[in-house]
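Good morning, and thank you for making time on the agenda. I would like to take you through one structure, beginning with its charged pairs and ending with its nonpolar cores.

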Amino acid sequence: MSTGTLLAIIIPVVVVIAVAAVAVSLLMRRRKLRERFGPEYERTVEDADSRMAGERELRAREKRHDSLDIKPLEDSARDRYTRDWTSVQEEFVDRPEDAVHHADRLVTSLMHERGYPTQDFEQQLKDLSVEHGRTLEHYRAAHDVDVLSTRHEATTEQLRGAMVHYRALFDELLSDGGEPRRAPA
């Protein structure tokens, strides 16, 4: 077989293998992002101009999150937050709007103590999405009701729902507060 014939066979095979390797790599990276971000993956991709732009945004979130100093809670802090949450729930009976506001502040305080920046709600969502993508919708829904309640426009049922939503994120932040931080993949 001549060198030209051999090259005519080898070059296309190498190109096909390279294209297949790139495709498999992209699919694996996409699957990893879906698993890590849960429902937030689809939300971000839908809001972006393209799937690639959405995935680029999610990878940027991971990079920012990895630069944060997210730390576990001390047992005493975890106990204090548990007591504070119980007080907020008890407050709901007589003053539901106040309880929702206090629940929002308690969740924000817990986030801050764990090491999440808490100045901007949209940035909070992005930072939380990396480790808490599955409960992030709870936080959005609760925050929306909290905003409504500041204008006294939330129904008691909405306020009750907000407490349930805040509790979902609160429990997750509190429970993995004692877990060692996952190493970036």
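Let me begin with a question: is Glu131 buried, partly exposed or exposed? At a relative accessibility of 22%, Glu131 counts as partly exposed, because the buried class ends at under 20%.

Before I go further, please keep in mind that this is a predicted model. The protein chain has a mean pLDDT of 89, with 95% of its residues at 70 or more. Residues 177–185 call for caution, as their pLDDT is below 50. In the model, that stretch has 17 contacts beyond near neighbours in sequence.

I return to the charged pairs. The search of the whole structure gives 18 salt bridges. In one of them, Glu131 pairs with Arg36, and the closest N and O atoms are 2.8 Å apart. Arg36 belongs to helix H1 (residues 3–37) and Glu131 to helix H6, so that two positions 95 residues apart are linked.

Helix H6 also provides Asp127, whose side chain forms a salt bridge with that of Arg64 at 2.7 Å, N to O. Since Arg64 lies in helix H3 (residues 51–67), this pair ties together parts 63 residues apart in sequence. What is the accessibility of Asp127? Asp127 is buried, with a relative accessible area of 1%, whereas its partner Arg64 is partly exposed at 33%.

A third pair lies within a single helix. Asp171 and Arg167 form a salt bridge with closest N and O atoms 2.7 Å apart. The two residues are four apart in helix H8, and therefore about one helical turn separates them. Asp171 is partly exposed at 32% relative accessible area, and Arg167 is partly exposed at 30%. Elsewhere, salt bridges with shared partners connect Glu40, Arg43, Glu57, Arg61, Glu137 and Arg140 in one network.

I turn now to the nonpolar side chains. The largest nonpolar core comprises 32 residues, and Val107, Leu128, Tyr139, Met163, Tyr166, Phe170 and Leu173 have the most contacts inside it. Helices H4 (75–94), H5 (96–114), H6 (121–132), H7 (136–150) and H8 (156–175) each give two or more residues to this core. Which of them supplies the largest share? That is H8, with eight residues.

Leu173 touches several residues beyond four places away in sequence, including Val107, Leu110, Met111, Leu128 and His132. A second core, separate from the first, has six residues, among them Phe37, Tyr41, Val45 and Val130.

Note on methods. Residues are numbered from 1 along each chain as its sequence is written. This is a predicted model: local features need pLDDT of at least 70, side-chain atom pairs count only at pLDDT 80 or more; totals for chains, interfaces and linings use all residues. Side-chain values use heavy atoms; hydrogens and water are left out. pLDDT is the predictor's confidence in each residue, from 0 to 100. Contact means heavy atoms within 4.5 Å. A nonpolar core is a set of buried Ala, Val, Leu, Ile, Met, Phe, Trp, Tyr and Cys residues joined through side-chain atoms within 4.5 Å. Buried means under 20% relative accessible area, exposed over 50%, partly exposed in between (1.4 Å probe, protein chains only). A salt bridge is a side-chain nitrogen of Lys or Arg within 4 Å of a carboxyl oxygen of Asp or Glu.
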